[in-house]
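Dear colleague,

I am passing on the structure we spoke about, and below it you will find my notes on its pockets, cavities, salt bridges and surface. Please read them with the model open beside you.

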Amino acid sequence: WRLALYDIHLSYATSDHNSNALVFYNDGDDLRVYVNDQALAVTSSTTYEVLPEQWEHLCYLINPTTVTVYWQGEELVKGQFDGDSTLHLNGCLILGQDQDSLSGAFTNTQIIQGDITQVSFWDRLLLPEEIEDLARCRALGRGNVFSLDTATLELFGPIKETSLALSELCRQPPRYVVLPEGRTFSESLHKCRFFGASMAVAMSDRDNNLLFSHLQPFVDVCGNNYWKMWMGLTDEVTEGVWVNVNTEEPVNYVAIEAGDPDGGIFDNCMAMKPNGFWGGELCRMKKCGSCTLLPSTFLYLRGLCFDDGYQTRFRLDGYIDSRPFFRGFYDQSVMWSGESETWFIINTENNQSLAWTRLEDTQEYPLGQHEWIFNSTVCDNNPGDAVNISLSICNSGQFMCLNGECISHHLRCNLRHDCADGSDEDNCGVVMVNSAYRWYLPPSGPNRSALVVIPSITLTRFTNIDDVNMVISLEFYLTLQWRDDRLTFKHLRADKETVLYKEDVKKIWKPEYLIMNLDSGQVKLLSTAMSITTAKNASNPYYNDVDTDLVYPGEANVIALTEHYIASFSCGFDLYAYPFDTQACSLDLELLSIYDKYVQFKVDEGTVSYNGPGFLSRYAIRNLQFGEASRERQLYVVFELRRRKGMTVLSTFVPSVLLLLVSWATLFVKLDALNVRAIMSLTTLLVLYTLFSNLSSSLPTTATIKLIDIWFFFIIFLLFFNIIVHIFVNIENNWIHMNQDVVLKVTPKEAFNESTFPNSVRLFVWYRKCILPVLILVFNIIFWILVLTYT
């Protein structure tokens, strides 16, 4: 059999006394098939949408073990059948109505409201090829047991029997609608698109005659000139080449009367004349419009309390009071009353007026969102109540502007006007809270566990490292992330995070914390921002909601609080190994004690980073990480400051070594040049002490001895001892004069006998040749072992 429905709610049955023999039932998105009350699962992966006034072909193949159902010539259901496959009609065949019991009631919810034809029964299973031929209108398909074409039927109720050629069943003629208000060409095109339709373009004489018949009731109101109704054609780009404005493709059919010019270079838009022929016309002139509606063209009426989504569907269908009206898929319509210049929502079952609205521009249609006044008690609304109701083509995947225009959800609240009326940038609040929400109470985690806060810290730059006061000044970003299952969000962006406005920030809870190791409280908050970083698990708007925004659950989307600080922190410098020291410093945070057991850090999912230069003037930044001492409420970010040794070695160790060598060289000056030796030794000592003093002033004053102190103390001691050696060396004058060539110049050992030297001179020679170098060598070995140990 073949069905063409008027009301989308569909139930087909052939019934015996007590049970449904065959039922095909569609309730919204729930498609079900029954055979003798046994439900079969719909297994086809193809989606079949039932549309009003469109022929649909169904075929059941039933044998004792299996049932197969075909829809539009394709297999929809095939499965095992456990019940009685015999159709117990008992001589009674009921078409289009599900009878609950013997002589039971016939209800509107169990009846076909539409057309039915080609009902046939065979005593054999049809082949798939035969079923496809029937569905494509290639075969008449009269059953050898029963055929509706030849049977005599008993009709009950307002049923009309007509004849239709087989070729007309599968041909869907265009559905036209005339808009009997004066509009320019572009305004008519825009209005058709608001209806989800396209501007009418006849493709044949037959289509043109059908469109011409639609124009006839409005010839007198469609303008006073010779051109009455716009067609969807223009030759604005290339003169004489008429293009379909819907597809932007040239057309092969035009109904221009022989010998009639096509309008010239100025008349670039096509209009229909009172005789049905076409002609070019100025596009700015106002005429009636014409639209082509597809079977799938419908609008959504939102704001009432329909039981399923199909009830929200309305379509342009015919004319009432000289204007198109909107017929619902079920039992409601939106109609115009010319007498009161008002639009009404009417219940067509009892002809009761449910609500009304009056538009400022009476030439417009109630598209978009308007305030409607109830005349009856509907959806918990009493007569006189005003409610916002919308009518538009926007589906659940689109946002509806106030004027009925549809845009993608990602264009909502993007700081740009994408709706012509700018309504896409209205009501852009992101956070929605219910009446039970308290901003000062932290949310709980899953299963009422403690809330997990994930920290992320980014150090951007070190503004100062003060060795003397042991203070580090740095700039950093702190980001805390968590979820709040008590919230819902709107207008989230999938391509980037959604920043919250101040009004939204005030609504919600955010974690409070203390920075623990500040130096004298030196901290400055440079900026703060709160955002939603994800856009997951979006829920389409409820089909009755006028608000068509997507809604995102709080438990699936992350809230991020980012604060930008510049602060000074105390750091206990250990300078024992200076200048080969590595300082371990930290940034310490702690959640407020009132959050104990309710809010905790989760360090293992957090991140810490440094995006500044790795090498500063005196230090290198290394090993930035969360400290192992971090606990549920405490967070430690630790890092190392490794002192850069190059400049310190050049400015401290090299000069001190050179001064030591100079002092050592004084031991080789002539013994009778006491003034030279004394002045050189004292000068090196004074210079070294000055160097040591300057270095000490740049370091913290501590009671502990540092390696650098040991280094200088040792060299100072050697320089001092060298001076003492110079002073207390006792050399007899006659020996000096007699042997000065031996003492003051390099002479082979065999040229003199050291046994003749005085004891003081022999000690002096051993000191400068052996004792002093050995002391320096031993000290350096011990010193650098210590350096390596601490670095």
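**Pockets, cavities and charged pairs**

In the lining of the second largest pocket, the residues divide by class into 18 nonpolar, ten polar and eight charged. Please keep in mind throughout that this is a predicted model. This second largest pocket holds about 760 Å³ of space, and it is lined by 36 residues, among which Glu-53, Gln-172, Pro-173, Pro-174 and Arg-175 lie nearest its centre. The elements that give two or more residues to its lining are strand E1 (2–5), E9, strand E12 (175–183), strand E13 (198–199), helix H4 (205–215), strand E19 (287–293) and strand E21 (313–320), and of these E21 gives the most, with five residues.

The largest pocket has a volume of about 1,700 Å³. Its lining is made by 40 residues, with Ile-116, Leu-153, Leu-155, Ile-159 and Lys-160 lying nearest the centre, and the elements that give two or more residues to this lining are strand E9 (114–117) and helix H2 (166–169). E9 gives the most to the lining of the largest pocket, with four residues, while by class that lining has 22 nonpolar, twelve polar and six charged residues.

As for enclosed space, the structure holds two cavities of 30 Å³ or more. The second largest cavity contains about 30 Å³ of space and is lined by Arg-175, Phe-195, Leu-293, Thr-297, Leu-299, Arg-315 and Leu-316, which by class are four nonpolar, one polar and two charged residues. Arg-175, which is among the residues nearest the centre of the second largest pocket, and Arg-315 are also linked with Asp-317 and Arg-327 in a network of salt bridges.

Over the whole structure, a search finds 25 salt bridges, and three individual pairs may be useful to you. Lys-287 forms a salt bridge with Glu-281, in which the closest N and O atoms are 2.9 Å apart, and both Lys-287 and Glu-281 are buried. Asp-709 forms a salt bridge with Lys-706, with 3.3 Å between the closest N and O atoms; Asp-709 is buried, with a relative accessible area of 9%, and Lys-706 is buried too, with a relative accessible area of 6%.

The third pair is Asp-504 and Lys-507, whose salt bridge has its closest N and O atoms 3.6 Å apart. Because these two residues are three residues apart in helix H5 (residues 502–507), Asp-504 and Lys-507 are separated by about one helical turn. Is each partner buried or partly exposed? Asp-504 is buried, with a relative accessible area of 3%, whereas Lys-507 is partly exposed, with a relative accessible area of 35%.

**Nonpolar residues at the surface**

A nonpolar surface patch of about 550 Å² is made by Met-647, Leu-650, Val-654, Val-657, Leu-658 and Leu-661. Within this group, Val-654 lies in helix H6 (residues 645–665), and Val-654 is partly exposed, with a relative accessible area of 36%.

Elsewhere, Ile-265 lies in the loop between strand E16 (249–250) and strand E17 (269–272). Ile-265 has a relative accessible area of 57%, and since exposed residues are those over 50%, Ile-265 therefore counts as exposed. The C-alpha atoms of Ile-265 and Leu-282 are separated by 9.7 Å, the two residues being 17 residues apart along the chain.

With kind regards

Definitions and conventions
Residues are numbered from 1 along each chain as its sequence is written. This is a predicted model: local features need pLDDT of at least 70, side-chain atom pairs count only at pLDDT 80 or more; totals for chains, interfaces and linings use all residues. Side-chain values use heavy atoms; hydrogens and water are left out. On a 1 Å grid over the protein atoms alone, a cavity is a set of points where a 1.4 Å probe fits but cannot get out, and a pocket is an open set with protein on both sides within 12 Å along at least five of seven lines; lining residues have an atom within 4 Å of a point. Grid points are joined across faces, edges and corners, and a volume is the space filled by probe spheres set on the points. Ala, Val, Leu, Ile, Met, Phe, Trp, Tyr, Cys and Pro count as nonpolar, Asp, Glu, Lys and Arg as charged, and the others, Gly among them, as polar. Buried means under 20% relative accessible area, exposed over 50%, partly exposed in between (1.4 Å probe, protein chains only). Patches are made of residues with over 30% relative accessible area and no salt bridge: like charges are joined within 9 Å, nonpolar side chains (Val, Leu, Ile, Met, Phe, Trp, Tyr) within 5 Å. Accessible areas come from the Shrake-Rupley method with a 1.4 Å probe; for residues, only the protein chains shown count as cover. A salt bridge is a side-chain nitrogen of Lys or Arg within 4 Å of a carboxyl oxygen of Asp or Glu.
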